[in-house]
Amino acid sequence: EATAMAQKAASSSNYMKRMAYLSGRIFVDFARPTSSQDRNVARRLMAEPWGRQRAGWYPPLDSFSSIFRSLRSMGVFRDEYRDFQEEMDRLRKLRGKDSKHTPYFNRQKKD
């Protein structure tokens with residue numbers, strides 16, 4: 001009981017209050033007594049922005065596509081859509097229509 005009274009007297013001294021306030025400011029704690037609602041607001045403001053928290057949310061699509069391109073060139077991966085596009089380009093060249101969109105004024109006349 002005597003130690004509790006001594007702690008209460010020491011904690012209420014002006015010096016102890018100032019030291020508690022200073023340590024709160026230094027160690028990013030709440031310097032003064034605050035309500036739970038104020039603490040929640042302060043915690044949200046101190047938190048990292050939502051956009052940075054979600055930075056790793058999406059897969060790295062650019063690196064995936066470059067890996068799959070290199071695997072396709074080695075013959076390990078088969079991209080059916082790209083195969084179809086290349087086949088259509090090959091057939092188009094066989095018909096004599098090299099580019100997909102040839103402007104009207106650049107077309108050559110057939111004799």
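These legends accompany close-up views of a predicted model.

**View 1. The whole chain is built from helices, with no strands.**
The secondary structure comes to six helices and zero strands. Read from the N terminus, the elements run α-α-α-α-α-α. The chain has 111 residues, and 2% of them count as buried. It exposes about 11100 Å². Carbon and sulfur atoms supply 56% of that area.

**View 2. Helix H5 covers residues 61–74.**
How far apart are the end C-alpha atoms of H5? They are 20 Å apart. The helix has 14 residues, so at 1.5 Å a residue it should span 20 Å, and the two values agree. Gly75 follows H5. The phi of Gly75 is positive, near 90°.

**View 3. Met74 is an exposed residue of H5.**
Met74 lies in helix H5. Its relative accessible area is 61%. Exposed means over 50%, so Met74 falls in that class. Met74 also belongs to a nonpolar surface patch.

**View 4. Seven side chains make a nonpolar surface patch.**
Which residues form the patch? They are Leu61, Phe64, Ile67, Phe68, Met74, Val76 and Phe77. The patch amounts to about 710 Å². Two of its members, Phe68 and Phe77, also appear in the next view as an aromatic pair.

**View 5. Phe68 and Phe77 form a tilted aromatic pair.**
A search of the whole structure finds one aromatic pair. Phe68 and Phe77 make this pair, with ring centres 4.6 Å apart. The angle between their planes is 40°. Stacked needs under 30 degrees and edge-to-face over 60, so an angle of 40° counts as tilted. Are the two residues buried or exposed? Phe68 has 39% relative accessibility and counts as partly exposed. Phe77, at 32%, also counts as partly exposed. Partly exposed lies between the 20% and 50% cut-offs, so both values fit that class.

**View 6. Arg92 is a buried residue in helix H6.**
Helix H6 covers residues 80–94, and Arg92 sits within it. The relative accessible area of Arg92 is 17%. Buried means under 20%, so Arg92 meets the cut-off. Which side chain does the side chain of Arg92 contact? The partner is the side chain of Asp89, in a polar contact of 2.7 Å.

Conventions: Residues are numbered from 1 along each chain as its sequence is written. This is a predicted model: local features need pLDDT of at least 70, side-chain atom pairs count only at pLDDT 80 or more; totals for chains, interfaces and linings use all residues. Side-chain values use heavy atoms; hydrogens and water are left out. Patches are made of residues with over 30% relative accessible area and no salt bridge: like charges are joined within 9 Å, nonpolar side chains (Val, Leu, Ile, Met, Phe, Trp, Tyr) within 5 Å. Accessible areas come from the Shrake-Rupley method with a 1.4 Å probe; for residues, only the protein chains shown count as cover. A salt bridge is a side-chain nitrogen of Lys or Arg within 4 Å of a carboxyl oxygen of Asp or Glu. Helices (H or I, at least four residues) and strands (E, at least two) are DSSP runs, numbered from the N terminus. Buried means under 20% relative accessible area, exposed over 50%, partly exposed in between (1.4 Å probe, protein chains only). The expected span of a helix is 1.5 Å times one less than its number of residues. Rings of Phe, Tyr and Trp (its six-membered ring) pair if their centres lie within 6.5 Å; planes under 30 degrees apart count as stacked, over 60 as edge-to-face and the rest as tilted. A polar contact is a pair of N or O atoms within 3.5 Å; within protein, one must be able to donate a hydrogen and the other to accept it, and residues adjacent in sequence count only if both atoms are side-chain atoms.
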